[in-house]
Amino acid sequence: MPDLVSVNYTKYDGSLHWNLRMRRLGEDEHGVWLGLPGGGVMRKGYGPMVPIACAHVILLPRDAWWTAAFNAPPRETEIYCDIATPPEWLSSHEVSMVDLDLDVIRKRTDGSTLMDDEDEFAEHQVRYGYPADVIAEAEAAGRWLMDAVDGRAEPFGAASRAWLAMVDGERP
């Protein structure tokens with residue numbers, strides 16, 4: 001029986017956002033790595049299950065304001081980083097973090113790195129009343145990720161390859 005972890009992203013008001021179950025792959029100096037083979041599913045809130053065509057792994061760093069998904073080819077998005085509160089382990093089988101809207105994405109097709117959802121971040125600062133320290137941490141994480149992902153600094157270089165190889169080609 002694989003060691004499954006419930007991964008729950010919420011919004012700042014506590015409402016359930018993206019959530020899925022992934023297999024714990026292991027840990028290294030970058031954090032905890034979880035994997036899901038192609039054919040797995042995730043859901044937004046309590047909505048319908050959304051199939052995931054390509055394998056991916058998620059890195060949950062220790063004490064950082066982001067998480068990172070590394071997607072297997074042919075997925076167009078190679079890396080998708082969510083700016084979020086530091087992951088909180090509620091138990092060995094459940095982790096939760098607050099999604100703070102901003103995303104840093106690296107495209108596989110041309111290697112470009114971009115910041116996404118800045119408009120949503122600005123809107124939610126008002127709607128949810130993000131405190132000044134949360135805004136500052138999110139913005140700092142976004143700046144750091146833009147440089148690190150674009151520059152292929154680890155863990156955004158080769159670090160994910162061995163972890164992704166553990167789940168690529170598996171079927172749930």
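**Group meeting talk: strands, a hairpin and two side chains**

Let's start with a pair of strands. β10 covers residues 94-107, and β11 covers residues 113-116. They run antiparallel, and four bridges join them. This is a predicted model, so please keep that in mind throughout.

Find Arg106 on your screen. Opposite Arg106 stands Thr113 in β11. Now follow the chain from β10 to β11. The two strands form a hairpin, with five residues between them. Look at Gly111 in that turn. Its phi is positive, about 75°.

Next, the other neighbour of β10. Which strand do six bridges join to β10? That is β8, and this pair also runs antiparallel. For a marker, take Ala84. Its bridge partner in β10 is Asp99.

Stay with β8 for a moment. This strand runs from residue 77 to residue 84. How many of its eight residues are buried? Six are, so the strand is mostly covered; buried here means under 20% relative accessible area.

β8 has a link to β7 as well. β7 holds residues 66-71, and five bridges join β7 to β8. Again the direction is antiparallel. Thr67 stands opposite Asp82 in β8. These two strands make a hairpin too, with five residues between them. To recap the order of pairing: β7 is joined to β8, β8 is joined to β10, and β10 is joined to β11.

Now two single residues. The first is Ser96, which lies in strand β10. Is Ser96 buried or exposed? Its relative accessible area is 18%, so Ser96 counts as buried, because the cut-off is under 20%. What lies around Ser96? Leave aside the neighbours within four places in sequence. Then Ser96 is in contact with Asn8, Thr10, Pro86, Pro87, Glu88 and Leu90. Pick out Asn8 from that list. The backbone oxygen of Asn8 lies 3.3 Å from a polar atom of the Ser96 side chain.

The second residue is Trp144. It sits in helix α2, residues 132-150. Its relative accessibility is 42%, so Trp144 is partly exposed, because that value falls between 20% and 50%. Which residues does Trp144 touch, leaving aside neighbours within four places in sequence? Trp66 and Phe156 are in contact with Trp144. Now compare positions with Val104. Trp144 and Val104 are 40 residues apart along the chain, yet their C-alpha atoms are separated by 10.0 Å.

Time to zoom out. The chain has three helices and eleven strands. Read along the sequence, the eleven strands come before the three helices. The C-alpha trace spans about 45 × 35 × 30 Å along its principal axes.

How does the radius of gyration fit a compact globule? For 172 residues, such a globule would have a value near 16 Å. The chain has 15 Å, which agrees.

What about burial overall? Buried residues make up 49% of the 172. The exposed surface is about 8,400 Å², and carbon and sulfur atoms supply 53% of it. Now take contacts between residues at least 6 apart in sequence. Of these, 52% join residues at least 24 apart.

One last item, from a record. UniProt places the feature "domain: DUF402" at residues 14-149, in an unreviewed entry. Over that stretch the chain is 21% helix and 51% strand. The end C-alpha atoms of the stretch are 29 Å apart.

That's my tour. Thank you.

Conventions. Residues numbered from 1 in each chain as written. Predicted model: local features only at pLDDT ≥ 70, side-chain atom pairs only at ≥ 80, totals over all residues. Heavy atoms only, no water. Pairing = 2+ DSSP bridges. Buried < 20%, exposed > 50% of the residue type's maximum accessible area, 1.4 Å probe, protein only. Polar contact = N/O pair within 3.5 Å; in protein donor to acceptor, adjacent residues only side chain to side chain. Contact = heavy atoms within 4.5 Å. UniProt positions renumbered as here; feature names shortened; annotations may be inferred. Rg over C-alpha atoms; globule rule 2.2 N^0.38 Å. Areas by Shrake-Rupley, 256 points an atom, 1.4 Å probe, with all protein chains shown as cover.
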